[in-house]
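Student: I should like a close look at one part of this model, namely its nonpolar core and the strands around it. Please treat the topic in one connected account.

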Amino acid sequence: MKNSTLIFRSLAVTIFITGFAHLMSYTSYTEDINNTYSLPTENSLKKSTSSEKLNNNFLIGKWKAKYNTKDFSGAIIYNVKKEERCFNAYTYQYEDTNGFTDKADKEKVLKINLNGTNGTYSLTYNNKQYEVPCKIKVIDKRTIQISYDYYGYNGLETWKKQ
């Protein structure tokens with residue numbers, strides 16, 4: 001067998017094994033997310049009773065997320081509004097660790113679609129805005145978790161209803 005044939009066959013086997021491993025890891029990740037994250041869908045909203053329908057808009061209102069990073073230590077309060085067929089979260093207020101507050105500039109940071117657990121999270125890095133796909137997990141009607149992974153920059157935020 002020629003050396004070039006051996007190299008190409010080895011390369012093809014390596015690519016196949018690596019691709020298969022990536023596919024399997026991606027499949028297990030998406031199955032895990034699909035099994036744990038659940039927001040009410042539009043169909044489930046239609047099937048619920050009238051008293052439950054009032055409670056399904058629990059996302060509307062003010063939510064607080066605490067942060068402790070080198071850039072910011074404190075909390076951000078978000079105002080979530082229902083607009084058309086989705087929920088949008090806007091920055092409302094900043095709070096430092098001593099409880100002092102400052103009004104925010106009302107930037108849209110999160111968009112949650114009604115037909116599932118997916119959303120879009122806006123990240124700012126080096127003064128550039130990035131739209132990052134995210135997953136939303138409802139812990140209870142007063143707590144949600146938002147997770148995202150974007151080119152190695154990942155995060156998990158817990159938002160509490162105010």
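Tutor: The account below goes from the core to two of its residues and then to the pairing of strands. The model is a predicted one.

The largest nonpolar core has 22 residues, and those touching the most other members are Leu59, Tyr78, Leu110, Tyr121, Ile144, Ile146 and Trp159. Two or more residues of this core come from each of β1 (61–68), β2 (73–83), β3 (86–96), β5 (108–113), β6 (118–125), β7 (128–140) and β8 (143–150).

Ile144 shows how such a residue is surrounded. Beyond its neighbours within four places in sequence, Ile144 is in contact with Phe58, Leu59, Trp63, Ile136, Lys137, Val138, Ile139, Glu157, Thr158 and Trp159.

Val109 lies in strand β5. Its relative accessible area is 10%, under the 20% limit, and Val109 is therefore classed as buried. When residues up to four places away in sequence are set aside, Val109 touches Tyr78, Ala89, Thr91, Thr120, Tyr121 and Ser122. Between the C-alpha atoms of Val109 and Thr124, which are 15 residues apart along the chain, the separation is 9.6 Å.

The pairing of β1 completes the picture. With β2, strand β1 forms an antiparallel pair over eight bridges, and a hairpin of four residues joins β1 to β2. Within this pairing, Lys62 has Asn79 of β2 as its bridge partner. Strand β1 also pairs with strand β9 (residues 153–161), again in the antiparallel sense, over three bridges. There, the bridge partner of Trp63 in β9 is Lys161; Trp63 is also among the contacts of Ile144.

Definitions and conventions. Residues numbered from 1 in each chain as written. Predicted model: local features only at pLDDT ≥ 70, side-chain atom pairs only at ≥ 80, totals over all residues. Heavy atoms only, no water. Core = buried A, V, L, I, M, F, W, Y, C linked by side-chain atoms within 4.5 Å. Buried < 20%, exposed > 50% of the residue type's maximum accessible area, 1.4 Å probe, protein only. Contact = heavy atoms within 4.5 Å. Pairing = 2+ DSSP bridges.
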